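Biologist: I have a complex open in front of me, and I would like to go through it with you, feature by feature.

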Amino acid sequence: MKTKNLLPNSWRPFGWVLVIIVILLQVWGILFGEQYPLNFGIEIPLPYNFGGFDSGQKFFIIRGKLHLQALEIISLLMITGLMIVGFSRLKIEDERVAQIRLESLQWGIYANYLTLALCILLVYGGAFLAVMIYSMFMPLVIFLLRFYWLLLVAPAIEAKRERNLA
Amino acid sequence: MKNRIRIERAILNITQADLADRLAVSRQTINAIEAGKYSPTLSLGMKIAREFEKTVNEIFELEEGD
């Protein structure tokens, strides 16, 4: 099946490696209080450093610097890994896989924004920052969980049930 | 949607995997179509019918509620 807007299948292992690295870094952070081995900063000159609109600022593009530190690197790795895993072709990419992918993406959006709406009502103060951080990744995580559940886990359970019945 | 894929496979003596290979889809997709859990697109339905040298109407049948 010809598919548009998907990465080649050969990218998929690379995506999983990134996701696994991020999970290991998160575990490291939990165990050692976020003393990541990546705890360094990189300064990259940027044409624009967004710090909020300044009414006194005449030009939209200003000179600034990006401070790329451990948490930023981890977030970028996480997004890149999840996107590659979710949007690279399977070995056999057929129309059912495409449909499951789209439906799972829809589930990810629904679940994320319903949860976020509840949190807007129920969570206040500094804890809401944590909610916003989770909300950056939740659509992709829920999408992937449902996608792989329907493609790998559910058929395996079904096959086992059929073997038991036979 | 009801279908006769399982019967037609039995007549030709081919497995789900054989049919999936011929149609360039996964075996799970053929299994889902046979079980009525997934309705194929028109193009895949026509390819399945062509594989059995039948018309689409001879392989697939609409049920109430479809």
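**Reading the complex**

Modeller: Let us begin where the chains meet: 5 residues of chain A are in contact with 8 residues of chain B, two residues being in contact if their C-beta atoms, placed from the backbone, lie within 7 Å. This is a predicted model, in which local features need pLDDT of at least 70 and side-chain atom pairs count only at pLDDT 80 or more, while totals for chains, interfaces and linings use all residues. Residues are numbered from 1 along each chain as its sequence is written, and chains are lettered from A and ligands numbered from 1 in the order in which they are written.

Biologist: Which classes of residue make up the side of chain A that touches chain B?

Modeller: That side has 2 nonpolar, no polar and 3 charged residues; here Ala, Val, Leu, Ile, Met, Phe, Trp, Tyr, Cys and Pro count as nonpolar, Asp, Glu, Lys and Arg as charged, and the others, Gly among them, as polar. For the complex, the predictor gives an ipTM of 0.85 and a pTM of 0.80.

Biologist: Where is confidence lowest in chain A, and where is it highest?

Modeller: The score to read is pLDDT, the predictor's confidence in each residue, from 0 to 100. Confidence in chain A is lowest in strand β2 (residues 64-68), at a mean of 62, and highest in helix α3 (residues 95-122), at 95. Chain A averages a pLDDT of 83, with 78% of the residues scoring at least 70, whereas chain B averages 91, with 100% of the residues scoring at least 70.

Biologist: What is the pattern of chain B along the sequence?

Modeller: Chain B reads β-α-α-α-α-α-β, with helices (H or I, at least four residues) and strands (E, at least two) taken as DSSP runs, numbered from the N terminus.

Biologist: How should I read the packing of α2(B) and α4(B)?

Modeller: Two packed helices are described by the angle between their axes and the distance between the axes. Helix α2 (residues 16-23) of chain B and helix α4 (residues 42-51) of chain B pack at about 115°, with their axes 11 Å apart; axes are lines fitted to C-alpha atoms, for helices over the stretch in contact, and angles run from 0 to 180 degrees between N-to-C directions. B:Leu19, B:Arg22 and B:Leu23 of α2(B) make the contact with B:Lys47, B:Ile48 and B:Glu51 of α4(B).
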